[in-house]
Amino acid sequence: MSMIVERAKKKPTILVVDDEAGPRDALKVILRPFFNIQSADNAKAALDVLNTQSIDLVTLDQKLPDRQGIDLLQDIKHDHANIEVIIVTGYGSLKSAMDGIRHGAAGYLLKPFNVSELISLINRTLEKKQRLDLVRNFFRSTPELWSAKQESASAWQALRSSYSALAPCSGETTALPSEKLGLLSLLSDILEATDRQLLNHSSRVSFYATLLGNRLKLTSQEQEALTMGAFLHDIGKTGITYDQYADDQSAWSVTDASCVEYSERGAHLITSFGLPAEVAQIVAYHHERWDGQDSPHGLRGEGIPLLARIVRIAETFDHLTAGLDGSSPLSIDDAVRQLSLQAHTLFDSKLTDLFSEVVQECKSSLPPMGIAA
Ligand SMILES: [Fe+2]
């Protein structure tokens, strides 16, 4: 209820960008009862509006007379990271829509669109924007989140209270208790508010780690810890690199010192939220090397917790296949070859072999490579 009331008090503003008068006017007519509407028929006019007015969301046509929509999307996400963009595409190629998602679009719609789907996608996106804005504002205004213990605990409590007031979580539709569900939702939004690509990376690493965990026949408790720990393995980066993410993509290739710092910070956060110790261990130890050479915490071999060893492999595989370090994304076969070159040094070789088998068997159902990387 509160969200609907909030929305009514403060109508969000949508910028409709489309060079064709027909679809542009149709969108304006459909959306006008619910939102303030601005429109632009080319990229330059769109940027003028974005630079001079407060816009919450952009619906962006793929093809504009002066630029490709995808180029404009990248500019918008670079200069106005908190403005959400929905791609509207006329020549229904999933590939171009996925390119939009890769560059930070919140979603896409195919023309001719279904009116109720359009309204519902915009509403969901605006609700998410409210949550992400809340997290971003807290991160900007509350350095205590990352400071001494007592201050930090009350700052996190304040963030959790504000978040659950904005996005109450009943838990009725899942087996998870509502408090745990609310916490996971907050942590996911923290990753996304930092960088949508970080959330996508985290989701893929969790997926790859879970594939290997299934093959190893872990207990259900271990599986749950693995899935969650892999998803949260970079949660400590959110505290260190928030501003770097905005200005500098080098956050993907962190130094050894900041790697220790962010893994410890993340593990501390996980523990303070009362999540299982195995999850905190994954976050803390997923950068240890199998041979122990320069391991951040000095662990080696089987002294490294099994679940952290799995996540190290899954994370590296994603870096390789999504091209996260700025290099070209590798195919699954090439990535597996790269991993095996470093088995015995960086990775547990038995796990690396098993991982290679599993991903090659599941090739057809793996997430698209290089997407959202
Ligand atoms: Fe990572």
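At what angle do helix α10 and helix α14 pack, and how far apart are their axes? Keep that in mind as you open this predicted model and take a look around.

**The whole chain.** Start with everything shown as a cartoon. The protein chain holds 17 helices and five strands. Colour by burial next: of the 373 residues, 35% are buried. If you turn on contacts between residues at least 6 apart in sequence, 59% of them join residues at least 24 apart.

**Helix α9.** Now select residues 196-215, which form helix α9. From the first C-alpha to the last, these 20 residues reach 29 Å, close to the 28 Å expected at 1.5 Å a residue. Step past the end of α9 and pick Lys-217, whose phi is positive, near 55°.

**Helices α10 and α14.** Select residues 220-231 for α10 and residues 277-285 for α14. Here is the reply to the opening question: the two helices pack at an angle of about 40°, and their axes lie 8 Å apart. An angle of 35 degrees or more is no longer roughly parallel, and roughly perpendicular starts at 65; α10 and α14 are therefore oblique to each other. Turn the view until one helix lies over the other, and you will be looking at a right-handed crossing of α10 past α14.

**The contact itself.** Show side chains at this crossing. From α10, pick Glu-222, Ala-225, Met-228, Gly-229 and Ala-230; from α14, add Glu-278, Val-279, Ile-282 and Val-283. Which classes of residue make up this contact of α10 with α14? Colour by class and you will find six nonpolar residues, one polar and two charged.

Note on methods:
Residues are numbered from 1 along each chain as its sequence is written. This is a predicted model: local features need pLDDT of at least 70, side-chain atom pairs count only at pLDDT 80 or more; totals for chains, interfaces and linings use all residues. Axes are lines fitted to C-alpha atoms, for helices over the stretch in contact, and angles run from 0 to 180 degrees between N-to-C directions. Helices (H or I, at least four residues) and strands (E, at least two) are DSSP runs, numbered from the N terminus. Angles under 35 degrees count as roughly parallel, over 145 as roughly antiparallel, 65 to 115 as roughly perpendicular and the rest as oblique. A crossing is left-handed if the near helix is turned anticlockwise from the far one by less than a right angle, and right-handed if clockwise. Two residues are in contact if their C-beta atoms, placed from the backbone, lie within 7 Å. Ala, Val, Leu, Ile, Met, Phe, Trp, Tyr, Cys and Pro count as nonpolar, Asp, Glu, Lys and Arg as charged, and the others, Gly among them, as polar. The expected span of a helix is 1.5 Å times one less than its number of residues. A residue is buried if 20 or more other C-beta atoms lie within 10 Å of its own, exposed if 12 or fewer, and partly exposed in between; C-beta atoms are placed from the backbone.
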